[in-house]
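Student: I would like to go through this model term by term. Please set each value against its cut-off.

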Amino acid sequence: MSSNADARPRRGNTRQRIQDVALELFAERGYEKTSLREIAERLEVTKAALYYHFKTKEDILGSLFEDLARPTDELIEWAAEQPRTLETKQEILRRYSEALAGAERLFRFMQENQATMRDLQAGEEFKARMLRLLDVLREPDAPLTDQVRCFSALFSMHAGLFALKDVEGDPEEKRRAILEVATDLVTQAHSDRESR
């Protein structure tokens with residue numbers, strides 16, 4: 001089992017292996033240039049065995065996003081029921097940071113395949129989910145500067161996943177540093193609101 005699999009357990013070993021190999025090939029060759037046949041060959045399984053789990057490349061990619069979507073949707077639902085306090089917003093970021101653990105390769109894929117992401121259902125769903133998450137972080141009537149701070153907090157959490165991959169340090173330390181920056185941005189946005 002790969003170290004990524006250990007860091008982020010998923011349902012079913014075969015499903016997980018398919019997802020991991022597909023992401024490797026998407027990174028090496030690009031999403032558009034990778035075929036299901038190549039994924040099956042790298043896995044050393046028949047195309048029929050691969051079809052048992054996933055009918056298309058988009059199905060594989062969609063499953064990766066579902067793994068991230070589940071905890072994010074639960075977080076958004078939880079946040080909607082909470083008071084809009086600074087403590088709640090900080091907890092949202094903390095929980096989201098935990099949900100992102102192990103998703104570095106998926107975010108690297110999104111960064112390197114932006115045009116493809118725009119055309120895929122998973123990309124649209126991810127964008128809509130991020131807008132809902134942003135809505136629970138920012139105040140509806142917040143000045144533009146504070147809205148940018150909240151947006152930047154989420155962006156820094158996403159970009160930090162792949163931007164820091166070559167920076168020396170413990171992955172957990174990196175995650176905490178990214179979380180601290182995101183929390184600082186949201187705290188500043190919230191503090192500006194209270195001082196008005």
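Student: Why does E66 count as partly exposed?

Tutor: The model is predicted: local features need pLDDT of at least 70, side-chain atom pairs count only at pLDDT 80 or more, and totals for chains, interfaces and linings use all residues. Residues are numbered from 1 along each chain as its sequence is written, and side-chain values use heavy atoms, with hydrogens and water left out. Buried means under 20% relative accessible area, exposed means over 50%, and partly exposed lies in between (1.4 Å probe, protein chains only). E66 has 43% relative accessibility, so E66 is partly exposed.

Student: What makes a negative surface patch of E32, E58, D59, E66, D119, E124 and E125?

Tutor: Patch residues have over 30% relative accessible area and no salt bridge; like charges are joined within 9 Å, nonpolar side chains (Val, Leu, Ile, Met, Phe, Trp, Tyr) within 5 Å. Asp and Glu count as negative, Lys and Arg as positive; His and the chain ends are not counted. The seven names you list form such a patch. Two elements, helix 5 (57-80) and helix 9 (121-137), give two or more residues each.

Student: Which helix gives the most to the negative patch?

Tutor: Helix 5, with three residues. E66 lies in that helix. Helices here are DSSP runs (H or I, at least four residues; strands are E, at least two), numbered from the N terminus.

Student: How do you know that R70 forms a salt bridge with D67?

Tutor: The rule asks for a side-chain nitrogen of Lys or Arg within 4 Å of a carboxyl oxygen of Asp or Glu. For R70 and D67 the closest N and O atoms are 3.7 Å apart. The rule is met, so the pair counts. Both residues lie in helix 5, three residues apart, about one turn of the helix. An α-helix has 3.6 residues a turn, so residues three or four places apart point the same way.

Student: Is D67 buried or exposed?

Tutor: Buried, because its relative accessibility is 11%. Its partner R70 has a relative accessible area of 35%, so R70 is partly exposed.

Student: What does the salt bridge of R132 with D73 tie together?

Tutor: The closest N and O atoms of R132 and D73 are 3.3 Å apart. R132 lies in helix 9 and D73 in helix 5, so the pair ties together parts 59 residues apart in sequence. R132 is partly exposed, because its relative accessible area is 37%. D73, at 23%, is partly exposed too.

Student: How far apart are the closest N and O atoms of K89 and E139?

Tutor: They are 2.6 Å apart, and the two residues form a salt bridge. K89 is in helix 6 (residues 86-100), and E139 is in the loop between helix 9 and helix 10 (144-163), 50 residues away. K89 and E139 are both buried. Salt bridges that share partners also join E91, R94, R95 and E98 into one network. The count by this rule comes to 17 salt bridges.

Student: How do you know that helix 2 is close to its expected span?

Tutor: The expected span is 1.5 Å times one less than the number of residues. Helix 2 (residues 13-29) has 17 residues and reaches 24 Å from its first C-alpha to its last, against 24 Å expected. Its buried residues include I18, L25 and F26. Just after helix 2, G30 takes a positive phi of about 95°.

Student: Why is E44 called exposed?

Tutor: Its relative accessibility is 73%, so E44 counts as exposed. E44 sits in the loop between helix 3 (36-43) and helix 4 (47-53). E44 has a positive phi of about 60°, although it is not a glycine.

Technical notes. Accessible areas come from the Shrake-Rupley method with a 1.4 Å probe; for residues, only the protein chains shown count as cover. The place of a charge is taken as NZ of Lys, CZ of Arg, CG of Asp or CD of Glu.
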